[in-house]
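Trainee: Hey, got a minute to walk me through this one? I'm new to it.

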Amino acid sequence: MTTKPVAQGATPLLQVDDLRTYFFTRWGVVKSVDGVSFSVGRGEIFGLVGESGCGKSITCLSLMRLVPQPAGKIVGGRILFEGRDLLKLGESEMRRYRGRHISIILQDPMTSLNPVFTVGDQIAEPVRLHQRARGRDLWDRAASALRLLRIPDPETRLGDYPHQMSGGMRQRVVGAIALACEPHVLIADEATTALDATIQAQYLALLQEVHEKKGLSIIFVTHDFGIVAKMCHRVAVMYAGKIVEMASVRELFDHPAHPYTVALLDAVPPLDYRVERLASIEGQPPQLYKLPSGCSFSPRCPRSDSLCVRESPPQVTVDGGHWATCWRLVDA
Amino acid sequence: MAVGTQVWGKAKVRMRGGLATVRRAPRLPLAIALGFVLVAVFGDLLAPHSPFEAIVSARLQPPFWMDKGSLGHPLGLDTVGRDVLSRIILGARVSLAAAVASILLGGGVGVALGLVSGYYRGWVDALVMRITDGMLSLPLLLLALLFAVALGPSFTNLIFVLALVMWARFARLVRGEVLSWREKDFVALARVAGAPPLAIMWRHLFPNILNSLVVLATLQVGWVIIVEASLSFLGAGIPPPTPSWGSMVAEGRSYANTAWWISVFPGIAIVLVVMSLNLLGDWLRDTLDPRQRQA
């Protein structure tokens with residue numbers, strides 16, 4: 001870890017208040033994001049971790065207002081970017097923010113690129129639409145975006161089609177597209193999950209480099225605690241559409257307070273000794289359209305009791321910026 | 001490597017891939033289809049006689065290899081003494097023109113509706129698809145006949161009638177393709193790039209469904225020729241004296257016992273061209289099938 005977050009003073013760059021994104025399906029209302037609040041400072045790397053289907057990706061898509069239509073809908077909350085509520089913007093105003101101020105890298109480099117256009121066309125598109133660059137200038141901007149992601153010989157590569165590139169290379173191109181307009185916030189939604197281990201390490205180093213060079217804020221979505229430890233300043237743990245614990249990386253690893261966080265950390269296989277059987281969390285995450293009463297984690301929680309099953313847990317401050325929503329916090 | 005990419009792409013690599021693909025096309029159907037197009041385009045240069053010039057004294061003259069036949073009129077003369085070969089050659093132009101015009105019109109409308117309906121989903125989709133279902137469940141030939149009779153026979157009306165019964169197939173195909181392509185991450189990323197919906201449909205979705213459209217359009221050419229011929233045969237298509245394969249078959253109908261050549265030769269032309277186009281379309285479909293393409 002190199003830079004600590006810049007002072008959490010005045011207004012954070014991005015502030016999310018009580019965000020709620022629901023999906024209206026034939027089985028009922030799926031509360032994918034159910035009252036999520038967090039903030040990201042300038043130059044901060046914020047981690048968002050949790051199991052598959054806990055609402056991480058939908059949170060990201062909500063920030064971009066790209067929730068799948070027509071089933072999904074942001075039903076409440078505020079997303080303040082430099083003090084402006086993105087949820088109050090009209091679609092064409094929102095279009096000016098996407099890519100320009102907040103950008104996103106998605107998980108799968110195989111579907112993130114359009115097979116019928118050259119890489120250059122695709123990197124140039126956001127620059128052309130957002131910054132009205134044309135001709136030579138546009139092409140130079142695209143080439144420098146590729147150079148930023150350390151793609152060798154960028155001028156030639158601009159003419160390549162996606163199928164002429166490897167997966168790792170494609171994901172760098174996706175990164176170049178996301179960073180072409182020099183956004184302030186980058187959402188990396190499982191950006192390295194589809195890459196193999198060595199390429200993944202390279203890619204993380206690249207993001208780290210861009211972060212330092214440009215003072216970029218990054219929201220890092222992952223289920224890999226190794227990446228969290230390496231990249232992030234602060235972390236939020238999500239479960240069933242809610243953030244259950246938030247802390248600085250150090251705090252979270254040293255003193256996890258929520259039983260779910262403890263269980264997740266226990267499930268990370270140790271490298272220094274052999275285990276017969278990997279630790280796991282019993283049961284399945286709840287179906288988001290029929291959440292249990294009380295605490296959503298209570299059916300799987302080793303510490304749950306009748307209170308947990310009956311009443312929703314309160315948000316408890318553990319220490320400074322460290323809080324968790326639980327009735328039965330684990331003592332550090 | 002697919003032909004569709006050749007249709008759209010710019011890189012030379014792709015062009016070479018496209019040409020190599022065409023070289024593997026079935027020879028005979030390709031030759032017949034190309035021949036059909038050439039004849040249709042350069043018909044007036046190729047035809048030995050005017051299709052309207054009637055030699056009444058020599059009416060019903062048989063093909064050249066039969067008694068009283070002559071090499072001057074190799075496929076014989078029709079009921080009023082017009083050269084059958086020349087009329088077939090110029091009939092090809094009518095068939096091709098009808099096919100191209102109606103596919104551009106009907107296909108254009110269908111593609112637009114399919115894109116909008118697949119991209120926006122919701123009530124637009126429901127409405128368009130119910131109408132499409134309705135159109136597809138009607139017997140199209142009867143529908144075309146009904147419209148053709150109501151509007152009166154003329155080339156322009158024929159185009160509208162054909163387009164009217166054809167758009168639904170395009171809309172259905174495009175909508176289905178859009179449903180799968182719109183879920184790809186690059187569509188979400190295009191929105192991140194600030195692309196408005198029309199740009200996403202046109203720039204990002206349309207080129208990807210071009211392969212399927214080429215296949216459908218090829219198959220539709222054969223279908224249009226059949227429908228045009230059927231309508232003309234029934235007197236609701238191209239009004240005489242413009243040569244059309246369908247009306248030629250119809251004219252020779254009552255002479256089928258004595259002067260079979262009037263009906264049979266245009267009939268053979270229809271069969272050959274339609275069959276070739278269908279074979280070509282099938283081959284294109286197999287070749288462009290995404291499951292047979294490497295990533």
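Mentor: Sure. Two residues are in contact if their C-beta atoms, placed from the backbone, lie within 7 Å. This is a predicted model, where local features need pLDDT of at least 70, side-chain atom pairs count only at pLDDT 80 or more, and totals for chains, interfaces and linings use all residues. Residues are numbered from 1 along each chain as its sequence is written, while chains are lettered from A and ligands numbered from 1 in the order in which they are written.

Trainee: OK, so how many residues of chain A are in contact with chain B?

Mentor: 27 residues of chain A, meeting 21 residues of chain B.

Trainee: Which elements give two or more residues to that side of chain A?

Mentor: Helix 2 (91–97), strand 6 (102–105) and helix 3 (119–131) of chain A. Helices (H or I, at least four residues) and strands (E, at least two) are DSSP runs, numbered from the N terminus. Helix 3 of chain A gives the largest share, four residues.

Trainee: Switching topic: what order do the strands of the open sheet in chain A take?

Mentor: The eight go 6-7-8-3-9-10-12-11, with mixed pairing. Two strands pair if DSSP finds at least two bridges between them. Strand 6 and strand 11 (315–319) of chain A are the edges, each pairing on one side only.

Trainee: How do strand 10 and strand 12 of chain A run?

Mentor: Antiparallel, joined by two bridges. In strand 12 of chain A, A:Trp323 is the bridge partner of A:Met246.

Trainee: And what's the mean pLDDT of chain A?

Mentor: It's 86, with 97% of the residues of chain A at 70 or more; pLDDT is the predictor's confidence in each residue, from 0 to 100. Over residues 1–8 of chain A, though, the pLDDT is below 50.
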